[in-house]
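I opened this model to note what packs together, how the strands pair, and where the prediction deserves caution.

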Amino acid sequence: MDVLERLRAQGVRLTGSRCRLIAGIPRDTPFRAEDLWKALRARDPRLGRATVFRTLAVLQQVGVLERVQRPDGSWCYRLCMGAAHHHHLTCAACGRDEVVDGTPLADLEAALGRVAAAYGYEPARHDIRLLGRCPTCARAAAACGVQPPEPGEPPLFPGRP
Ligand SMILES: [Zn+2]
Ligand SMILES: [Zn+2]
Ligand SMILES: [Zn+2]
């Protein structure tokens with residue numbers, strides 16, 4: 001199901017300007033509302049800032065957009081059609097962001113449930129974000145002679161090269 005189909009199914013009214021806005025949303029990269037507005041305004045000078053912000057808020061409400069925090073601490077949006085529960089892997093250097101395959105996380109999910117139960121809590125929500133350095137940034141860092149972590153430092157992602 002694509003974004004527009006999903007919005008229609010959820011009863012979101014889709015005007016022409018909303019459709020153009022949705023078409024302009026970056027697919028795999030987090031973005032700031034302000035930047036999206038500036039990019040779209042270049043093609044559609046009459047597009048109002050408030051329209052963009054309002055539409056993004058509606059998309060977040062229906063679960064098509066997520067608010068994600070950048071490595072620098074600022075907040076932005078990310079288009080995410082992921083399943084109900086999922087996690088993201090974010091490059092701490094450039095902000096690239098992936099929805100990860102949750103299969104290897106099943107043990108972790110179960111362990112978190114046991115931790116909550118040990119304190120007598122109902123199974124709680126959790127919010128886990130993996131931060132790392134994406135292949136592109138890792139290559140760039142290697143080319144600049146940036147040192148890899150000292151031997152003995154724990155790897156960020158055990159099991160990954
Ligand atoms: Zn997501
Ligand atoms: Zn990166
Ligand atoms: Zn989880």
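I looked up L7 and found that, leaving aside its neighbours within four places in sequence, L7 is in contact (C-beta atoms, placed from the backbone, within 7 Å) with V12, L14, V62 and V64. I am reading a predicted model, in which local features need pLDDT of at least 70, side-chain atom pairs count only at pLDDT 80 or more, and totals for chains, interfaces and linings use all residues. Residues are numbered from 1 along each chain as its sequence is written, while chains are lettered from A and ligands numbered from 1 in the order in which they are written.

Next I checked the largest nonpolar core, a set of buried Ala, Val, Leu, Ile, Met, Phe, Trp, Tyr and Cys residues joined through C-beta atoms within 7 Å, where buried requires 20 or more other C-beta atoms within 10 Å of the residue's own. This core has twelve residues, among them L7, V64 and Y77. Two or more residues each come from α2 (16-23), α4 (49-61) and β2 (75-79), and α4 gives the largest share, three residues.

I then turned to the open sheet, whose three strands run in the order β4-β3-β5 with mixed pairing; strands pair if DSSP finds at least two bridges between them. Because β4 (97-99) and β5 (129-132) stand at the edges with a single partner strand each, one side of each has no neighbour in the sheet. Strand β3 (residues 88-91) pairs with β4 in the antiparallel sense over three bridges, and H88 stands opposite V99 in β4.

Last, I noted that pLDDT, the predictor's confidence in each residue from 0 to 100, averages 83 for the protein but stays under 50 over residues 157-161.

Note on methods: Helices (H or I, at least four residues) and strands (E, at least two) are DSSP runs, numbered from the N terminus. Two residues are in contact if their C-beta atoms, placed from the backbone, lie within 7 Å.
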